Amino acid sequence: MLPIRTLSRPLRLTLTRQASSAPRHTVIPNRFAATTRLASSCCSGSDHPTPPTTSTKPSKPLSPIMAGANSGDVEEYLRQSHDRLFENNRKWAEEKKAKDPGFFVSLSAGQAPNYLWIGCSDSRIPAEQITGLEPGEAFIHRNIANLVVNTDLNVMSVINYAVRHLGVKHIIVCGHYGCGGVKAAMTPKDLGLLNPWLRNIRDVYRLHEAELDAIPDEEKRYNRLVELNVVEQCRNVIKTAAVQQSYKKNQYPIVHGWVFGFNDGLLTDLKIDFKDMLAKVQKIYNLADE
């Protein structure tokens, strides 16, 4: 894969050369479209469709930055793509107040979510939308390939706060089929800055090498590694003192492993046996006693 900066040079040259002659709103040539898709698909390994605009104001259509566009076109596109979020926000707030006048009064009173969601950063998996949860019902943490790494102070802090202070009852580790992070980890080559992060997934492959190598179909092997990665991250959650001590005292939280499918939009419960996994973890990683 060529670095983004390498791919961007021809784009800048093209924009400069064509600015005086190309018509406005020209469609990006295929090679530039590929560059745009590359920059937007680090988690998925696939193309992301351009979201439709919800603006009610008559304006130029939102589209990828055009080949041949002048600086005014680019500025207008960036302004529109920014402003539409505030338009969406105002519409959402108005709808919530119309449906429930006390909604924001309750929301401002504090949070007491039942769920901690640890998911992938992929833009196509909005946790609340796919589960039907409302604001305040889920504490959310996302990173590349939904990893729970004991040296990552971010995720460790999230788990500790969610368990000890918010009192969550469920911790959900949710991966997804078609995960670009998992696929990258299956590629035996130097990926630079990604190496330390992807090594955690490669370690999952090493632990389950015999099972995975016995799967002849590459796509099925890939999907199975997605599932095994979720299971291993659930185990890493259970290794934490916060989870073990809270469960001993309160009988919660329970840890779950799920996988989301883009083809049908459905969640698959991997049916983690939490009690059995906890017992096996505590044979070596027992931190239940405060």
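The legends below describe close-up views of a predicted model of one protein chain.

Residues are numbered from 1 along each chain as its sequence is written. Because the model is predicted, local features need pLDDT of at least 70 and side-chain atom pairs count only at pLDDT 80 or more, while totals for chains, interfaces and linings use all residues, and side-chain values use heavy atoms, with hydrogens and water left out.

**View 1. The protein chain contains 12 helices and five strands.** Helices (H or I, at least four residues) and strands (E, at least two) are DSSP runs, numbered from the N terminus. Of the 290 residues, 37% count as buried, where buried means under 20% relative accessible area, exposed over 50%, and partly exposed in between (1.4 Å probe, protein chains only). Among contacts, defined by heavy atoms within 4.5 Å, between residues at least 6 apart in sequence, 66% join residues at least 24 apart.

**View 2. Helix H3 covers residues 71-99.** The expected span of a helix is 1.5 Å times one less than its number of residues; for the 29 residues of H3 this gives 42 Å, and the end C-alpha atoms lie 43 Å apart, which agrees. Asp-73, Gln-80, Arg-84, Glu-87, Ala-93 and Lys-96 are buried in H3, and what covers the buried residues of this helix includes helix H4 (103-108).

**View 3. Helix H6 (residues 153-164) packs with helix H11 (residues 241-250), their axes coming within 9 Å and crossing at roughly 15°.** This angle makes H6 roughly parallel to H11, since angles under 35 degrees count as roughly parallel, over 145 as roughly antiparallel, 65 to 115 as roughly perpendicular and the rest as oblique. Axes are lines fitted to C-alpha atoms, for helices over the stretch in contact, and angles run from 0 to 180 degrees between N-to-C directions. The crossing of H6 with H11 is left-handed; a crossing has this hand if the near helix is turned anticlockwise from the far one by less than a right angle, and is right-handed if clockwise. From H6, Ile-159, Asn-160, Val-163 and Arg-164 take part in the contact, and from H11, Ala-241, Ala-242, Val-243, Gln-245 and Ser-246. By class, five nonpolar, three polar and one charged residues make up the contact of H6 with H11, with Ala, Val, Leu, Ile, Met, Phe, Trp, Tyr, Cys and Pro counted as nonpolar, Asp, Glu, Lys and Arg as charged, and the others, Gly among them, as polar.

**View 4. Helix H8 (residues 195-207) and H10 cross at roughly 105°, with their axes coming within 10 Å.** That angle makes H8 roughly perpendicular to H10. Ile-201, Val-204, Tyr-205 and Leu-207 of H8 contact Arg-221, Leu-225, Leu-228, Asn-229, Glu-232 and Gln-233 of H10. Six nonpolar, two polar and two charged residues form this contact of H8 with H10.

**View 5. Helix H10 (residues 218-238) also packs with helix H12 (residues 274-285), at an angle of about 60° and with the axes 10 Å apart.** The two helices, H10 and H12, form a right-handed crossing. Val-231, Cys-234, Arg-235 and Ile-238 of H10 meet Phe-274, Met-277, Leu-278 and Val-281 of H12, and by class the contact of H10 with H12 has seven nonpolar, no polar and one charged residues.

**View 6. Thr-131 lies in helix H5 (residues 127-131).** With a relative accessible area of 28%, Thr-131 is partly exposed. Not counting residues up to four places away in sequence, Thr-131 touches Trp-117, Trp-258 and Leu-267. Of these partners, Leu-267 is 136 residues apart from Thr-131 along the chain, and the C-alpha atoms of the two are separated by 8.8 Å.

**View 7. The loop between H11 and strand S4 (254-260) contains Pro-253 and Gln-251.** Most residues other than glycine have a negative phi, and most peptide bonds are trans. In this loop, a cis peptide bond with omega of about 10° joins Tyr-252 and Pro-253, and Gln-251, although not a glycine, has a positive phi of about 70°. Gln-251 is partly exposed, at a relative accessible area of 47%.

**View 8. Asn-146 is placed in the loop between strand S2 (138-143) and H6.** The phi of Asn-146 is near 45°, a positive value in a residue other than glycine. At a relative accessibility of 2%, Asn-146 counts as buried.
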